[in-house]
Amino acid sequence: MTPPQKPVAASGAEHGFYNLAAAGQPEGNGAGKTSPAVNGAPGKNAKASGYGLRTESLSPMETLAQSISGACPTLTPFVTVPLVYTLAGNATWLAYVLGTCGILLVAWCISRFARYSSSPGSLYSYAAMILPPWLAATAAWSLLLAYIMGSASNIGAFYYYANVILRNATGHELSTLLLSTIFAVPFIWIAWRDVKLSARAMLVMEACSVTAVVAVMALVLFRHGLHGDPNQLHLRGVTASGFRQGLVLALYSFVGFEAATALGSESRNPLKTIPRAVILTSVLGGVFFTICAYTEILGFGMSGKDLGTSDVPMHVLAGVGGMPVLGLLIDFGALVSLFAGSLAGITAAARVLLQMSHNGLTHSSLRKIHTRNETPTGATIVTGLAAFLPVAILAVKGTSGVDVYGWLGMLAVYGFVVSYGLVCFALPGYLRDHHGVVNLATRTIPYIACLAMVYAVVANLYPAPEGVYGKLPYVFLSYLAAVLLLFVFRSRAKPSLQEGS
């Protein structure tokens, strides 16, 4: 399928670790504290230490904010909906309905793991409890890349949109490297400084930006009246091949929805709040994206303009709704949403890297926790720099923010989809072997969800994209080959294991 062309958004542990994790035994951190792995009956919040992280400090709403910000919902009506429209046309809303159904299957699988286990390792911890070590390592490195590249792609989108706003307002632009630095330094600092500050900032920023978009959509629907759009309801002009490709692209609006799973040590009552956050983000995101898709096509039909070629869709819709000033407000809202998305990505990436370090997949120095902030110091700095440096290099070379977003964002998508697929594949065996849960749902839903992720990858490769996008799958595969070779050949340092209270 045609890839997006404009912005929106070591070695492993000894085998014994995986056996112990799968059996629900706590892993230690080698410093006299128990691991954050939490296992028990659904709804029972077993106590476990969080490697020095600030345990049980985040409210359910703050935990939910991590997942919502991870999905960066405000960017979908800006960029992804117009791209899906170029493929699926008047069936764009239907692509999002079916995409929501598909992602809910994945969310169900993740939430089932999250009901029994909670740790900073996110999906990696789930995979490690049942999959062979090399597949668990694949999930770990894929997820880490996904969070880092997702944050990096947002930096590219930021300097693109910021210069568009500056050019329209003043006729001048700022250095892309300067804008990237201005954007990246604060979210890395907040992620290092305080997880509660981070969660609250994401909650406020996403609430404001989404509210502005919803206001525009409501105005457009009010101006149109209660009657439906026959072109969309009757799927006029829709082709099967276009709809298939549009459906795959619609799925990419959701990636990052599981980011709350990285807060397993820091959320209150994580075995309840995290599964709810994952499911709620999927449902709310699906409803929001579907309404935006339907309303954008409707509004552009009223304006006589082409949604697929518009660089400022929210400006057009704000004009149709009779409130042009909202278009400018939403522009700033999009920048705020990009910041929240990058903050969520680095927050999650740092905790995944922390867990990987404790399990022997990365250097032990990344286990360090700041004594006052109670955040993973080394892991936050490393993941923050890993997100910033590729963008800085591309910016210095004069690469467009559009390309930065598209290239790095596509690498993030590959990482997410691989992680999702592996976790879904692991769920039936985990529930059967360690909790005695076997029923029709656990025998069917995980495999359907896994196949959906496989389909999303294959459909994006055939026909092969042109240019850089056609090379990105090989970049991702080379990355996986390199880290798995490191996994195989580096001498494995066995993490210390200690019973929890």
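**Close-up 1. N269 is partly exposed, at 27% relative accessibility.** The model shown here and in the other views is predicted. N269 sits in the loop that joins α10 to α11 (270–303). Its phi is near 50°, a positive value in a residue that is not glycine.

**Close-up 2. L235 also carries a positive phi, of about 55°, without being a glycine.** L235 belongs to the loop between α9 (230–233) and α10 (240–251). The relative accessible area of L235 is 33%, and the residue is therefore classed as partly exposed.

**Close-up 3. Helix α3 (residues 75–88) packs against α10 with the two axes 7 Å apart.** The angle between the helices is about 160°. Because angles over 145 degrees count as roughly antiparallel, α3 and α10 are described as roughly antiparallel to each other. The crossing of α3 past α10 is right-handed. On the α3 side, the contact is made by T80, L83, V84, L87 and A88. Their counterparts in α10 are G242, F243, Q245, G246, L249 and A250. Sorted by class, the residues of this contact are seven nonpolar and four polar, with no charged residue.

**Close-up 4. Helices α6 (residues 133–170) and α13 (residues 325–358) cross at roughly 160°.** Their axes come within 8 Å of each other. This angle makes α6 roughly antiparallel to α13. The α6 and α13 crossing is left-handed. The contact between α6 and α13 contains 21 nonpolar residues, five polar residues and one charged residue.

**Close-up 5. L411 in helix α15 (residues 401–435) and its contacts.** L411 counts as buried, at 9% relative accessibility. Apart from neighbours within four places in sequence, L411 is in contact with L145, M149, L472, V475 and F476. One of these partners, L472, is 61 residues away from L411 along the chain, yet the C-alpha atoms of the two are separated by 6.8 Å.

**Close-up 6. E62 in helix α2 (residues 60–71) and its surroundings.** What is the relative accessibility of E62? The value is 5%, so E62 counts as buried. With residues up to four places away in sequence left out, E62 touches S57, K196, A199 and R200.

**Close-up 7. The sulfur atoms of C109, C424 and C450.** How many disulfides does the model contain? The count comes to zero, where a disulfide requires a pair of cysteine sulfur atoms within 2.5 Å. For C109, the closest cysteine sulfur is that of C424, at 3.8 Å, which is too far for a bond. C109 is buried, with a relative accessible area of 0%. C424 also holds the cysteine sulfur closest to that of C450. The separation in that case is 6.4 Å, again too far for a bond. C450 has a relative accessibility of 14% and so counts as buried.

Methods: Residues numbered from 1 in each chain as written. Predicted model: local features only at pLDDT ≥ 70, side-chain atom pairs only at ≥ 80, totals over all residues. Heavy atoms only, no water. Axes fitted to C-alpha atoms, helices over the stretch in contact; angles between N-to-C directions. Helix = DSSP H or I, 4+ residues; strand = E, 2+ residues; numbered from the N terminus. Parallel < 35°, antiparallel > 145°, perpendicular 65-115°, else oblique. Left-handed = near helix turned anticlockwise from the far one by under 90°. Nonpolar A, V, L, I, M, F, W, Y, C, P; charged D, E, K, R; others polar. Buried < 20%, exposed > 50% of the residue type's maximum accessible area, 1.4 Å probe, protein only. Contact = heavy atoms within 4.5 Å.
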